[in-house]
Amino acid sequence: MRSRSGSGVQLDRILFMVEQTICQHQNAITALFANQKDFPGHAWIRDNVYIAHALWALYRAYMKCADFDEDLTKAKELGFTCVKMMQSVMECMMRQADKVELFKKFQRPLDALHSKFSVNTKGTVCGDADWGHLQMDAVSLFLLTLAQITASGLQIVRNFDEVAFIQNLIMEFGKEGDKTNQGIRELNATSIGMVKAALQALNDVGDLFVDGSRGSVVHVLPDEIEQCSAVLSSMLPRESFSKETDAALLGIISYPAFCVEDPELVQSTRETITSRLLGKYGCRRFMRDGYKTVLEDSSRLYYNKSELQQFENIECEWPLFLCYLILDAMYSKDDDAVEMYWKQLNKTLVANEEGFRLIPELYVVSRENVAAEKLHPGSQIRIPGGATPFLWAQSLYVICCLLYEGFLSPAELDPLSRRLSIYEKRPPCEVQVTILAESVEVQRELQANDIHVQRVDEIDPVFTILPASALGHMLAKVGESKKLNLSGRPLDRAIGLLSTSRLYQIGNKFVIFTPQFMDSRRSHLMYDIRILTDEWSSELQYIYASWNSVSISGRPLVVLVITQGMLSTEGLSHFSNIHLNRHMKSTVIGAIKKINTGYLSGARVLMKDLSDFFRTTAVSKLEFRDKSAEEMLRSVTTEKVQFTLHTEDQIEAKSPRTGRTPTLRRGESVKDRSAYSMIHKASMRHRSIALDSNDTDLMKLRLAYKAMPSSESELRTSPPTSSSRPLGLVRENSSGELRQQLLKTTKKGAENETQGRIRDIKHEQMSEMKADDLLDLLTETTVLEEQISIIHCLWMKFGPDYDTELGCQATTVRMLMEEVHAKACEAREWALVRLTAGLLKKQLEELSKAVTHLLVRQKQITLGMASKKEEVITCPKTNEELEKIMNRAYNDDANSFTLSQEIIVYLGSLVRTEPKLFVEMFRLRIGLIIQVLASELARLRNLSGTEAAEKLLTVSPFELKSMIFSLLSGRLLEDYADDGFHHGDTIRESRTGIGSFRRQIEERKSLRKSTRSVGSGHGLMEIPKEEEEEELEEDDFQFGIWLRHRRIDGALNRVPTNFYATLWDTVHKMPHGVKINDTVLHWGLTQEMTRKEIKFALEVEEALNRIAEPEYREVIVEALWLIGRIEKLVLLEEPNVPRDRPFDVDSVIHLANRIFVEHNKQMETIVLECCGSGKKCDGARGICKHFYDSAPAGEYGTSHYIIRALMQLFT
């Protein structure tokens, strides 16, 4: 046993220090602590939880080093005190259970749990709006500490209502404020890290009653943990949009959270903090932090943006963070760093009258030393400020003492072994896949293709197959508490893929939930079989890469149910061609065969029967206190489980049960063609995609390499190529912009002269047409497009709620539209699907999840046209909020309403599986992406502008996703095959401007060179080198490659690496800032924001996004990039910058364009055909189209002319 004269005495001395410096601030009744002079009687959650850490550490030290029974008594007292204090903190929060329920549903800041309470009453001490209460890191720290203390053997949670409250707390996900303290919400890495740590800890701890009771288990969905991981990996070492970094990040990369598994990310975050924030007395919280400085106006709650710069280099330094650095060094076993920081910490300690060492809250630069400190940072002596002792810091100091003196090892303060995640990186886990056939017919067809699977009704009776939506209903019961009025998990939240990739034990049954993407009722996207099989590939790859990072025991299991709708072509013969039917079938069978090989898009998969995976699959047990497990299972299986894609037979079979007969039939056409033609034209006028009317180049899509119609009248009157197709089939190009009549093609000539007058006459006839006339036509036709055109006119003329009384029953226009929408989905008529879905304002179920995937990876979204008001999405939204935004952006544009949703869903899918595609992109402009897709289609298929807009609506969802993937990956659109969209393809990081696509151009040159070298069957033939290079240059020019890539990069908002930091330097050099497209980035921005602050990047994006033409935006980016290196370009230390006005970047581009035109006139190049001869050019903003189509680098590149322009302006 240890001698009392040795370590026991030393431990008693630490305990005595705690009693005299910390416990004297404790309320004897509530056990809460408070000591801040500015807020007497206020107990902060964060301070109290860290005090619990210190008491718990002392408890563990006494339990370990007890010499006598007296020591065990002290240990028990410390344990009881710790438990009581944690229970008091939980009681403070439970008194606001109503706010937890409201915040869970609406995410409003005023509904957030309060961050501080009354020490005496446990009640609130200020109003909801009187303090920044939205501090999720404090609540998460409490939950993390609860799990760690519970794992050590101390019980804090005492009843099932408290378990329900804890379950509801983990359903919250919030944001905090920016550094101006103005209540602006933003995502903070510290909060996300603490949330992730709390979720992982509660998932690992098991039951909260410490007795093996399964009823006290808190259920954590692994997808929420993985989402936090994605946020952290995209943000660190940055703290938020307004903070380059924050010393608080030390708490998430090390003790107590340990939530970052990537050693390189931990190291870079640590180095960023120590290099930018560490001083002699501790760390600054973040750059330009004005809190408690002598220049701060303490009478105001917030700072003016313009005053932030005055705090630079005089921010207060906090000794608290030296404690974090010591703990970090101890856990990483860096003894040298421990000694260095320990000595530095001891120099900051102050002694009280009793001689106890105290840690002050912070160290301040005195007023008389401010100027000297700004001139020479770190040169002046600072004085203690704030509370002394600062309880948060004092508590961490106690823990440091216990570890430094050897009373505890670092592992004893981490019973859940969270610290090991950074060192024990497990390899990816293979994904178990079971394929089930829905029926005997499906099973036979699969067997005919040498695929042997079980039917759903052949699996062992112990298993039950349910859709993912059933899991959502079950989880809605988890966390319910009638006493606290808590409802559990909201039903509108999506069920993630990782959550459905494990078995759930419910009573004596094992339930398998099919992935949510297999639910046939999600959206029209699932009617495209290639999208469905592509979803299989990407989602299995996602599970393979993510499973081990969420700390689940066992392997993932994915069950895919193959239905007749995926293989059978019955019910499609009226609508689809034979090629499509065969391709659907081969796509599904091919995907299954690829899964059976063991590898799918780089993911290791294993395909067997369900029973073969029983012993290796992860299992989670669900128990319900109010209902038996069997009763709960029956309640969610009463509704028929649907896995299928609806076929016409199923809909017809379903109709008698619902008491309704199918309203519309198919097969015969309208007999009165003149009346239908008028209706069809009226419908067509409201179907077009809204291209940007201010961007004539995009509207007409006139590119340098291709002759286009020279006037809008030619675009309007150019006849469609498929007009001769019979009406018996629904046309492939069934919808578009200003399309011609179905029956005949209008010829140019005298007939067109009266076209306007005829349109006016027909418009009058249309206005006089009654509902009965339209309904007569509707009942007469059985052609889908005719039905939709007539219903569309009914919709526009009488409204969606008009009762048509078809079939002698209440049948509204909306009901008819729903019916033809379902038929269009079956027919895979994508133009009609998008039109009807847009009119019905249908929202894709995947939309909110896709928006969240993009936002948590720091990618903002804009909707609408670039030249008009764009709607910006900067934070996660509910389905209702997204619907309002979509309605504002596309109120009268039904097709864009649907098309933009599809694009967002595809971007959300790609950002998870291919994050490298989104490098250096902050804001995704959906309107510009739509325009560039139309532009690329016009070029690729030799179409006019109207035909391109029409064709874009007819492409399948899979083709649309393939096009977006090609644009993001920097590949030319024709480089992807019809079914060549594979996630396993090599991804090239695309960069804008100088250096982009150079390798690809060289590859294309080599390809053309090799084709030229092939004779007409007689072997190789020699081509002179000079002639060859001249020919290649001519081909490249005709190809218009640089104009296209500038369009694509401009639409995707790509910028070079470190572009924003370089532009910050430029703005800082200009006394009146920089002017871009009539928007001024004023010099004051550099006073408000730091060099690498994301808020500055967003300010730049706001200016750039006002440019409607993507190619002009890219040239502006190239110019700004070169201006940032002006000293090197003009070889002057102080260039001649304008002193009386903002520097106009647009003038640089126009001057460079003039130099370009003059140079090319001298060389007598193709520029003489347009700008060189004084003719008006089609280029955006008056810039020659050949300037846009020039390579960035080289003697004749855009950079050459921009540099010459800059030299004229600056020298």
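In which strand is Gln860 found? Gln860 belongs to strand S20, which covers residues 860-863. The legends below describe close-up views of a predicted model.

**Figure 1. Surroundings of Gln860 in strand S20.** Gln860 has a relative accessible area of 4% and is therefore buried, the cut-off for that class being under 20%. Leaving out residues up to four places away in sequence, Gln860 touches Phe241, Leu855, Val872, Ile873, Thr874, Phe922, Arg923, Leu924 and Leu1098. Met921 lies 61 residues from Gln860 along the chain, and the C-alpha atoms of Gln860 and Met921 are separated by 8.9 Å.

**Figure 2. The chain as a whole, as context for the close-up views.** The chain has 1211 residues, of which 60% are buried. Its secondary structure comprises 47 helices and 25 strands. Of the contacts between residues at least 6 apart in sequence, 75% join residues at least 24 apart.

**Figure 3. Packing of helix H5 (residues 136-151) with helix H7 (residues 189-205).** Two packed helices are described by the angle between their axes and the distance between the axes. For H5 and H7 the angle is about 25° and the axes are 8 Å apart. H5 is therefore roughly parallel to H7, since angles under 35 degrees fall in that class. The crossing of H5 past H7 is left-handed. On the H5 side, the contact is formed by Met136, Asp137, Ser140, Leu141, Leu143, Leu144, Ala147, Thr150 and Ala151. These residues meet Thr190, Ser191, Met194, Val195, Ala197, Ala198, Ala201, Leu202 and Val205 of H7. By class, the residues of this contact are 13 nonpolar, four polar and one charged.

**Figure 4. Contact of helix H12 (residues 335-348) with helix H14 (residues 391-404).** The two axes come within 13 Å and cross at roughly 135°. H12 and H14 are therefore oblique to each other. H12 passes H14 in a left-handed crossing. Val338, Glu339, Trp342, Leu345 and Asn346 of H12 meet Tyr397, Cys400, Cys401 and Tyr404 of H14. Seven nonpolar residues, one polar residue and one charged residue make up the contact.

**Figure 5. Helix H17 (residues 529-546).** H17 contains 18 residues and spans 26 Å from its first C-alpha to its last. This reach is close to the 26 Å expected at 1.5 Å a residue. H17 is mostly covered, with 17 of its 18 residues buried.

**Figure 6. Helices H27 (residues 771-780) and H28 (residues 784-798), with a view of Phe798.** The axes of H27 and H28 come within 9 Å and cross at roughly 165°. The two helices are therefore roughly antiparallel, angles over 145 degrees being assigned to that class. The crossing of H27 past H28 is left-handed. In H27, the residues in contact are Ala771, Leu774, Leu775, Leu777 and Leu778. Their partners in H28 are Gln787, Ile790, Ile791, Leu794, Lys797 and Phe798. The contact of H27 with H28 comprises nine nonpolar, one polar and one charged residues. Phe798, in H28, is partly exposed, with a relative accessible area of 30%. Apart from neighbours within four places in sequence, Phe798 is in contact with Lys770, Ala771 and Leu774. The C-alpha atoms of Phe798 and Lys770 are separated by 9.8 Å, at a distance of 28 residues along the chain.

**Figure 7. Environment of Val813 in helix H29 (residues 813-827).** Val813 counts as buried, at 0% relative accessibility. Excluding residues up to four places away in sequence, Val813 touches Ile791, Leu794, Trp795, Gly799, Pro800, Tyr802 and Thr804. Asp803 is 10 residues from Val813 in sequence, and the two are 6.5 Å apart in space, C-alpha to C-alpha.

**Figure 8. Enclosure of helix H40 (residues 1059-1069).** Eight of the 11 residues of H40 are buried, so this helix is largely enclosed by the rest of the structure. The buried residues are Phe1059, Tyr1060, Ala1061, Thr1062, Leu1063, Trp1064, Thr1066 and Val1067. They pack against two strands, S23 (1074-1076) and S24 (1079-1081). They also pack against helices H41 (1085-1088), H42 (1094-1104) and H43 (1110-1123).

Conventions:
Residues numbered from 1 in each chain as written. Predicted model: local features only at pLDDT ≥ 70, side-chain atom pairs only at ≥ 80, totals over all residues. Heavy atoms only, no water. Helix = DSSP H or I, 4+ residues; strand = E, 2+ residues; numbered from the N terminus. Expected span 1.5 Å × (residues − 1). Buried < 20%, exposed > 50% of the residue type's maximum accessible area, 1.4 Å probe, protein only. Axes fitted to C-alpha atoms, helices over the stretch in contact; angles between N-to-C directions. Parallel < 35°, antiparallel > 145°, perpendicular 65-115°, else oblique. Left-handed = near helix turned anticlockwise from the far one by under 90°. Contact = heavy atoms within 4.5 Å. Nonpolar A, V, L, I, M, F, W, Y, C, P; charged D, E, K, R; others polar.
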